Amino acid sequence: MEEFLKGEPKVLGAVQIMIALINLSIGIIMISIPFDHREPAISLILATPAWGPLMFIISGSLSISAAVKPTKRLVTISLVFNTISAVLAAAASIMGIISVILGLRSPFLKNEVETGIDSLMLILNLLEFCIAVSVSAFGCKVTCCNAREVVVIQSPNPGMTPMLP
């Protein structure tokens, strides 16, 4: 469990929650911008400001719980949710990149405020991705990768090579 605690999961979990709250607030601001004769941002159409922060709050809370009471079960649950958060953050970042690029090249140009907010959400999603991956890496060191356990497969017949499916 010391390997997991070396990664400062309590601090990273708190940062995850704070970024999620900022992202949620920015999403609410983005929703409140009127759409005068133009399309809303792709990130809004796909509801990225809703599902992204929700998952980051859950995984941040689990990271803090696993740091306060580091049991193997909590660390594993934190690992699972941070891995899911990393995948969702990567997806949200890709959607954010597409949204910003299409917003800049669209015939119905978004206003500068919306493009700036979309870009800020992209940066925060990238930061969430990095945090979720780092917490997952330290969780994996504890739950998955145990260097002391080495599996050796020996064939009963030394002339025969074992075939694994």
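## A walk through an all-helix model

Among the contacts in this protein that link residues at least 6 apart in sequence, 82% join residues at least 24 apart. The model is a predicted one, and its secondary structure consists of six helices and zero strands, so that, read from the N terminus on, the elements follow the order α-α-α-α-α-α. Of the 165 residues in the protein, 37% are buried. The protein exposes about 9,800 Å², and carbon and sulfur atoms supply 72% of that area.

A useful place to begin is N82, which sits in helix α5, the element that spans residues 72–105. N82 has a relative accessible area of 0% and is therefore classed as buried, the limit for that class being under 20%. The side chain of this asparagine makes a polar contact with the side chain of Q16, at 3.0 Å. Once the neighbours within four places in sequence are set aside, the residues in contact with N82 are Q16, S59, S63, A132, V135 and S136. Of these partners, Q16 is thus tied to N82 both by contact and by the polar pair between the two side chains.

The last partner in that list, S136, belongs to helix α6, which covers residues 112–143. S136 is buried as well, because its relative accessible area is 10%, and the class takes in values under 20%. The side chain of S136 reaches the backbone oxygen of A132, at 2.8 Å, and A132 is itself one of the residues in contact with N82. Apart from neighbours within four places in sequence, S136 is in contact with L79, N82 and T83. The contact between S136 and N82 therefore joins helix α6, where S136 is placed, to helix α5, where N82 lies.

Further along helix α5 is G96, a glycine that counts as buried because its relative accessibility is 4%, against a limit of under 20%. Two distances relate G96 to residues farther along the chain. I123 is 27 residues away from G96 in sequence, yet the two C-alpha atoms are 8.8 Å apart in space; for L126, the separation from G96 is 30 residues in sequence and 9.7 Å from C-alpha to C-alpha. I123 lies in helix α6, and here the surroundings differ from those of the glycine: I123 counts as exposed because its relative accessibility is 53%, and exposed residues are those over 50%.

Helix α4, made up of residues 48–68, contains W51. This tryptophan is partly exposed, because its relative accessibility of 24% falls between the limits of 20% and 50%. Without the neighbours within four places in sequence, W51 is in contact with L46, L88, A92 and M95. One of these, A92, is 41 residues from W51 along the chain, and the C-alpha atoms of the pair are separated by 9.5 Å.

At the surface, M18, L21, L24 and I28 form a nonpolar patch, and together these residues have about 360 Å² of accessible area. Within the patch, L24 has its place in helix α2, which runs over residues 9–32. L24 is partly exposed, with a relative accessible area of 33%.

The cysteines complete the picture. The structure holds zero disulfides. C130 is partly exposed, with a relative accessible area of 47%, and C140 is also partly exposed, at a relative accessible area of 23%. Both values lie between the limits of 20% and 50%, which is why neither cysteine is classed as buried or as exposed.

Terms used: Residues numbered from 1 in each chain as written. Predicted model: local features only at pLDDT ≥ 70, side-chain atom pairs only at ≥ 80, totals over all residues. Heavy atoms only, no water. Helix = DSSP H or I, 4+ residues; strand = E, 2+ residues; numbered from the N terminus. Buried < 20%, exposed > 50% of the residue type's maximum accessible area, 1.4 Å probe, protein only. Polar contact = N/O pair within 3.5 Å; in protein donor to acceptor, adjacent residues only side chain to side chain. Contact = heavy atoms within 4.5 Å. Patch = residues over 30% accessible without salt bridge, like charges linked within 9 Å, V, L, I, M, F, W, Y side chains within 5 Å. Areas by Shrake-Rupley, 256 points an atom, 1.4 Å probe, with all protein chains shown as cover. Salt bridge = Lys/Arg side-chain N within 4 Å of Asp/Glu carboxyl O. Disulfide = S-S within 2.5 Å.
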